[in-house]
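Biologist: Could you take a close look at the aromatic side chains for me? I'd like to hear which ones group together and what they link.

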Amino acid sequence: MRDRGCDVVEKLLATVDYLRITVGTADDSRRWLACDSLIADPQHLFSVVRPTAGEWGSDDMVAMSLFVQGYAFRIATAAIGSFVLSGDVLSVRPQSTAIGMEQHRLNAVRLDSAELVAAEGDFAVLHRVLIDEHLARFVEAVHRSMRIGEPLLWANVGSSCAASFGAFVGPFAYDAALIRDLVEGFFATARGELRRSGRVVRIGRGLRWEWERNACCLYYQTEVSNGAKCDDCSLWTPAERSARYTEMLEGI
């Protein structure tokens, strides 16, 4: 299935133009971090993340939270993106996957090969490949590397997975119900930590949706944020969320 896997990667990059997925050797200026090394060595993981705190203007915990969010999104876009476009899942095994970093931000994924795992639309396969075999292990490594709450880490994973589905809302505007049903199906069939990380909220007639996370990523505590909260932040009040959704509908 290797040739078809390359076709899926090309289609994925053409559909969502801001994604960066490389197959094979990458010859660029990014710092490539082997995923299996980060997972196997929590001290190495912490040594990679700690210098980014100064760039964010934050402490180590906030820097780790934002690293996890960037990591989870990049890995999830490869697996979830391939699932949306083909029904199968690009393998993101830690031992054959690396994540690219420029300055303090993660912005790319490198796969040793474009191997497709047959799923035929089965969420159980997507969860096994993406969550059980990779992101859950990554969360465990992060938790071992420093004292940081697992609910926060899983909220970052949930938000990143929701954002990965959300990347297709624009390209699939002609079939909004498809992406809505996929994101709802993904979280409905997820392991408990992921189900508890937040919720999908239908907006208006239900074709539009938003993600509401259950724990804050702490971005608002960075100097670069100027105190701004993310759109899906758990710190918004129900009234503030409702007002935002009303504004969204009025703008359609």
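Modeller: Phe165, Phe186, Phe187 and Trp211 make up one aromatic cluster, and keep in mind that this is a predicted model. Searching the whole structure turns up 9 aromatic pairs. Take Phe83 and Phe123: their rings form a tilted pair, 5.4 Å centre to centre with 40° between the planes. Phe83 belongs to helix 5 and Phe123 to helix 6 (residues 123-145), so this pair ties together parts that are 40 residues apart in sequence. Phe83 is buried, at 4% relative accessible area, and Phe123 also counts as buried, at 16%; the cut-off for that is under 20%.

Back in the cluster, the ring centres of Phe165 and Phe186 are 5.4 Å apart and their planes stand at 55°, so that pair is tilted. Here the link runs between helix 7 (residues 150-166), home of Phe165, and helix 8 (residues 176-188), which holds Phe186, so parts 21 residues apart in sequence are tied together. Phe165 and Phe186 are both buried.

One more ring has a charge for company: the charged end of Lys229 sits over Trp236, 4.2 Å from the ring centre.

As for what else helix 5 does, this helix (residues 60-86) lies across strand 1, strand 2, strand 4 and strand 5 (105-111), at about 35° to strand 5. The open sheet there has 4 strands in the order 1-5-4-2, with mixed pairing. Strand 1 (21-23) and strand 2 (31-34) are the edges, each with a single partner strand, so one side of each has no neighbour in the sheet.

Methods:
Residues are numbered from 1 along each chain as its sequence is written. This is a predicted model: local features need pLDDT of at least 70, side-chain atom pairs count only at pLDDT 80 or more; totals for chains, interfaces and linings use all residues. Side-chain values use heavy atoms; hydrogens and water are left out. Two strands pair if DSSP finds at least two bridges between them. Helices (H or I, at least four residues) and strands (E, at least two) are DSSP runs, numbered from the N terminus. Contact means heavy atoms within 4.5 Å. Axes are lines fitted to C-alpha atoms, for helices over the stretch in contact, and angles run from 0 to 180 degrees between N-to-C directions. Rings of Phe, Tyr and Trp (its six-membered ring) pair if their centres lie within 6.5 Å; planes under 30 degrees apart count as stacked, over 60 as edge-to-face and the rest as tilted. Buried means under 20% relative accessible area, exposed over 50%, partly exposed in between (1.4 Å probe, protein chains only). A charge sits over a ring if NZ of Lys or CZ of Arg is within 6 Å of the ring centre and within 35 degrees of the ring normal.
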